[in-house]
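User: Please take a close look at a single part of this protein chain, the nonpolar patch on its surface, and then set that part in the context of the whole chain.

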Amino acid sequence: VLQEKASFKVFVWELSAWDTNGKNGKLGTVQPNPVSFHNLVGVNGIFGWGTGSFSSTLTPQQGPAVFSSACGHARNYQNWNWDVSDPTVIPAFDQMVA
């Protein structure tokens with residue numbers, strides 16, 4: 001027989017119990033997503049899609065085309081402050097390549 005001592009005491013800080021349906025209850029009926037994974041996922045590229053050159057110089061096999069089999073959306077990301085030194089300065093949009 002063990003003697004009762006402070007080191008033999010057990011403390012339970014939290015106790016949770018669920019039925020067979022688990023913590024969040026019975027799952028609802030599963031329905032397929034009407035949006036395909038291809039059309040759901042996109043990719044952000046940076047400056048020429050990692051080629052180190054302007055996007056306008058890429059061949060059809062470069063840039064967003066590389067990701068088109070996996071992703072339906074692509075965007076060539078560029079920080080605003082790369083082109084604008086101050087938010088009050090309006091960039092010369094008419095001089096940018098379309």
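Analyst:
**A nonpolar surface patch and its setting**

On the surface, Val10, Val12 and Leu15 form a nonpolar patch, and together these residues have about 370 Å² of accessible area. The model described here is a predicted one.

Leucine 15 deserves separate attention. Leucine 15 lies in the segment before helix H1, which covers residues 37-40. Its relative accessible area is 75%. Since a residue counts as exposed over 50%, leucine 15 is therefore classed as exposed.

The wider chain provides the background for this patch. The accessible surface of the protein chain comes to about 9100 Å², and 58% of that surface belongs to carbon and sulfur atoms. Of the 98 residues in the protein chain, 9% are buried.

The secondary structure may be considered next. The protein chain contains two helices and two strands, and from the N terminus on these elements follow the order α-β-α-β. Strand E1 spans residues 42-46, and its side chains alternate. Val43 and Gly45 point to one face and are buried, whereas Gly42, Asn44 and Ile46 point to the other face and are not buried.

Strand E1 also has a partner. Strands E1 and E2 run parallel and are joined by five bridges. Within this pairing, asparagine 44 stands opposite arginine 75 in E2. Turning to contacts across the protein chain, one may consider those between residues at least 6 apart in sequence: 63% of them join residues at least 24 apart.

Finally, the confidence of the prediction should be taken into account. The mean pLDDT of the protein chain is 79, and 90% of its residues reach 70 or more. Confidence is highest in H1, at 87, and lowest in strand E2 (residues 73-77), at a mean of 75. Where pLDDT is low, the predicted coordinates should not be read in detail.

How values were computed. Residues numbered from 1 in each chain as written. Predicted model: local features only at pLDDT ≥ 70, side-chain atom pairs only at ≥ 80, totals over all residues. Heavy atoms only, no water. Patch = residues over 30% accessible without salt bridge, like charges linked within 9 Å, V, L, I, M, F, W, Y side chains within 5 Å. Areas by Shrake-Rupley, 256 points an atom, 1.4 Å probe, with all protein chains shown as cover. Salt bridge = Lys/Arg side-chain N within 4 Å of Asp/Glu carboxyl O. Helix = DSSP H or I, 4+ residues; strand = E, 2+ residues; numbered from the N terminus. Buried < 20%, exposed > 50% of the residue type's maximum accessible area, 1.4 Å probe, protein only. Contact = heavy atoms within 4.5 Å. pLDDT = per-residue confidence, 0-100. Pairing = 2+ DSSP bridges.
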